[in-house]
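The following paragraphs guide the reader through selected features of a protein model. Please consult the sequence and the structure together while reading.

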Amino acid sequence: MLKGFKVISVYGNTSESTVTVTNKYFKFNADTAAELGYPKYIQMLIDADNTKFAIQATDEQGANSIEFKVSEPSESGKKSVINVAFKAAHATIVQLMQWGDGASRKMNGIFVPEEKAIIYDLTKANMVYNKKAD
C-alpha cells in the first residue's frame, strides 16, 4: 500500500529568525541571536545546489568568522536588528539568485539546534518595500 512513498526528512525546527537581504548587507532580527545563543561570531554557508544559505554560531577562530554584534534593546523595549556586511556572501547570493534589481528580500529561517545554525531558503524570499532606502 505504501509502495512509492518516501520518508520525509526533517532537518530543523520552525524559527522566529528572519533575514532581510538588502542592496548592501544582511539584516537579521533579534530572535536570530537568541536562537543561536547570542554568539559573538557567526559563519555564513551556502548550498548553491539547493539555493539555501545558513548562518552558524562560531568563535573568533572559526573559519571566516564574522562579528555578530547584538545591541541592547532600545529604551522603548523595541528589539534591535543585527546588520552584517559580508560582501563576498552578499555577492554570492545576489548572483546565485540573479537579484540585480537592488530590492530587499526577506525570508524566515529553519533552526537546527544540534548545529547551532539557521537555514534560509532563498527561493522563499519575499520582496520588501521600505519607505526609506537601506
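How many bridges join strand E3 to strand E4, and do these strands run parallel or antiparallel? In this predicted model, E3 covers residues 41-47 and E4 covers residues 52-58. The two strands run antiparallel and are joined by 7 bridges. One pairing can be followed at the level of residues: isoleucine 42 has alanine 57, in E4, as its bridge partner.

Between the strands of this hairpin lie 4 residues. Within the hairpin, threonine 51 adopts a positive phi near 45 degrees.

Strand E3 is also joined to strand E5, which consists of residues 66-67. Here 2 bridges connect the strands, and the direction is again antiparallel. In this pairing, glutamate 67 of E5 stands opposite tyrosine 41. E3 is thus joined both to E4 and to E5.

Attention may now turn to another part of the model, the second largest pocket. This pocket holds about 170 Å³ of space. Its lining is formed by 12 residues, and those closest to the centre are Asn108, Gly109, Ile110, Asp121 and Lys124.

Which strands each supply at least two residues of this lining? They are strand E7, residues 104-112, and strand E8, residues 117-121. The largest share, 5 residues, comes from E7. When the lining of the second largest pocket is sorted by class, 5 residues are nonpolar, 3 are polar and 4 are charged.

Technical notes
Residues are numbered from 1 along each chain as its sequence is written. This is a predicted model: local features need pLDDT of at least 70, side-chain atom pairs count only at pLDDT 80 or more; totals for chains, interfaces and linings use all residues. Side-chain values use heavy atoms; hydrogens and water are left out. On a 1 Å grid over the protein atoms alone, a cavity is a set of points where a 1.4 Å probe fits but cannot get out, and a pocket is an open set with protein on both sides within 12 Å along at least five of seven lines; lining residues have an atom within 4 Å of a point. Grid points are joined across faces, edges and corners, and a volume is the space filled by probe spheres set on the points. Ala, Val, Leu, Ile, Met, Phe, Trp, Tyr, Cys and Pro count as nonpolar, Asp, Glu, Lys and Arg as charged, and the others, Gly among them, as polar. Two strands pair if DSSP finds at least two bridges between them.
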